[in-house]
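Me: I would like a close look at one part of this model, the surroundings of the ligand. Please take it step by step and keep it plain.

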Amino acid sequence: MNDQAEGLRKREPRLDDITGNASPPRIISVTSGKGGVGKTNVTANLAYAFSETFGKRVLVFDADMGLGNIDVLFNLRPRWTLKDFLFEDRKLSEVLIEGPAGIRILPAASGFEELTALTPEQNLKLISAFDELESDLDILLIDTGAGISENVLTFNLASQETLIVVTPEPTSRTDAFALMKVLNRRYSGKPLLFLANMVRDRKEGLELFDLVSRVADRFLPGLNLSFAGFLPQDPSVTQAVRSQKALAEMLPGAPFSAAIRQVARDLLSRPPRQEVSAGIGLLMKRLVGREE
Ligand SMILES: Nc1ncnc2c1ncn2[C@@H]1O[C@H](COP(=O)(O)OP(=O)(O)O)[C@@H](O)[C@H]1O
Ligand SMILES: [Mg+2]
């Protein structure tokens with residue numbers, strides 16, 4: 001009944017598409033120093049807010065290899081992953097699945113170790129497939145793993161902006177700092193957006209940001225860190241996880257849902273600088289290490 005492809009086809013072409021002036025999609029990776037701080041919930045709910053509230057065309061790329069679970073959160077059962085596209089000749093359209101509010105999801109639960117060892121043909125296949133997606137997309141959100149493994153770093157270096165999810169737990173703070181240190185060494189000036197999660201209120205979120213940014217000012221010269229907002233500790237988040245729904249969809253009036261819409265709104269009102277808007281083609285080239 002709910003034909004997924006139908007939903008995808010129904011989108012009206014925008015004036016940009018017709019005039020050929022479509023701007024490349026915005027690419028935001030969602031990451032953290034420590035696991036279990038809310039990345040996947042942030043990604044899913046942000047995707048929902050971008051799509052449902054702000055009418056953006058969103059693709060979520062589940063790049064957390066070990067613990068990828070965007071599909072579980074949306075109660076979807078992917079048949080294929082990016083690996084099947086790359087190595088088993090599945091079409092990208094077969095691999096993409098549709099979630100709520102028309103969000104598209106690219107499951108990539110495994111196989112990413114192999115991305116750096118692609119043949120030139122596979123490389124080209126990946127890059128051109130993403131180039132094609134580009135014109136049909138406003139925002140690409142990447143749910144990365146936690147920490148400073150090479151795989152996670154690669155996604156965070158390749159995206160235009162990195163949302164770093166931090167909670168008041170001291171270990172979350174120190175691990176976020178370690179991540180920012182490595183990112184800053186590899187790509188000084190990269191736009192990093194600090195998102196305080198599981199805090200009481202905006203005040204606590206700002207205090208957390210101040211704490212981290214004060215140390216960063218001292219020890220990480222050149223760090224480009226700004227405050228992206230806060231998300232309250234909200235018991236409904238866990239309830240929504242159990243019901244396998246994004247909270248913003250299940251309970252739009254919950255404090256967390258209102259806060260995520262505010263974060264989405266703020267992000268949209270502060271687009272990245274033009275020079276870092278390089279598109280998915282470049283993201284892919286960076287991922288496979290073929291950037292000229
Ligand atoms: N703002 C919040 N309030 C309450 N619980 C939260 C909040 N954000 C995340 N959680 C809970 O924290 C746990 C980990 O979240 P998850 O998004 O899976 O983290 P990660 O992807 O970083 O590992 C989940 O059980 C989720 O319900
Ligand atoms: Mg996760």
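How many residues surround ligand 1, and which are the closest?

Reply: The model is a predicted one, and what follows was computed from its atoms. Ligand 1 is surrounded by 15 residues. The closest of them are Lys-39, Thr-40, Asn-41, Asn-197 and Pro-232. By class, the shell around ligand 1 holds six nonpolar residues, seven polar ones and two charged ones.

Some polar contacts can be given atom by atom. At Gly-38 the backbone takes part: one of its N or O atoms lies 2.9 Å from an oxygen atom of ligand 1. At Thr-40 the side chain takes part, with an N or O atom 2.9 Å from an oxygen atom of the ligand. Asn-197 also uses its side chain, but here the partner is a nitrogen atom of ligand 1, which lies 2.9 Å from a polar atom of that side chain. As for cover, ligand 1 on its own has 570 Å² of accessible area, and the protein covers 81% of this.

Three elements each give two or more residues to the shell around ligand 1: helix 3 (39–53), strand 7 (191–199) and helix 11 (235–243).

Helix 3 can be followed beyond the ligand to its packing with helix 13, which spans residues 255–269. The axes of helix 3 and helix 13 come within 9 Å and cross at roughly 70 degrees. An angle from 65 to 115 degrees counts as roughly perpendicular, so helix 3 and helix 13 are roughly perpendicular to each other. The crossing in which helix 3 passes helix 13 is right-handed. To sum up for helix 3, this element gives two or more residues to the shell around ligand 1 and also crosses helix 13 at roughly 70 degrees.

Terms used. Residues numbered from 1 in each chain as written. Chains lettered and ligands numbered in written order. Predicted model: local features only at pLDDT ≥ 70, side-chain atom pairs only at ≥ 80, totals over all residues. Heavy atoms only, no water. Near = heavy atom within 4 Å. Polar contact = N/O pair within 3.5 Å; in protein donor to acceptor, adjacent residues only side chain to side chain. Areas by Shrake-Rupley, 256 points an atom, 1.4 Å probe, with all protein chains shown as cover. Helix = DSSP H or I, 4+ residues; strand = E, 2+ residues; numbered from the N terminus. Nonpolar A, V, L, I, M, F, W, Y, C, P; charged D, E, K, R; others polar. Axes fitted to C-alpha atoms, helices over the stretch in contact; angles between N-to-C directions. Parallel < 35°, antiparallel > 145°, perpendicular 65-115°, else oblique. Left-handed = near helix turned anticlockwise from the far one by under 90°.
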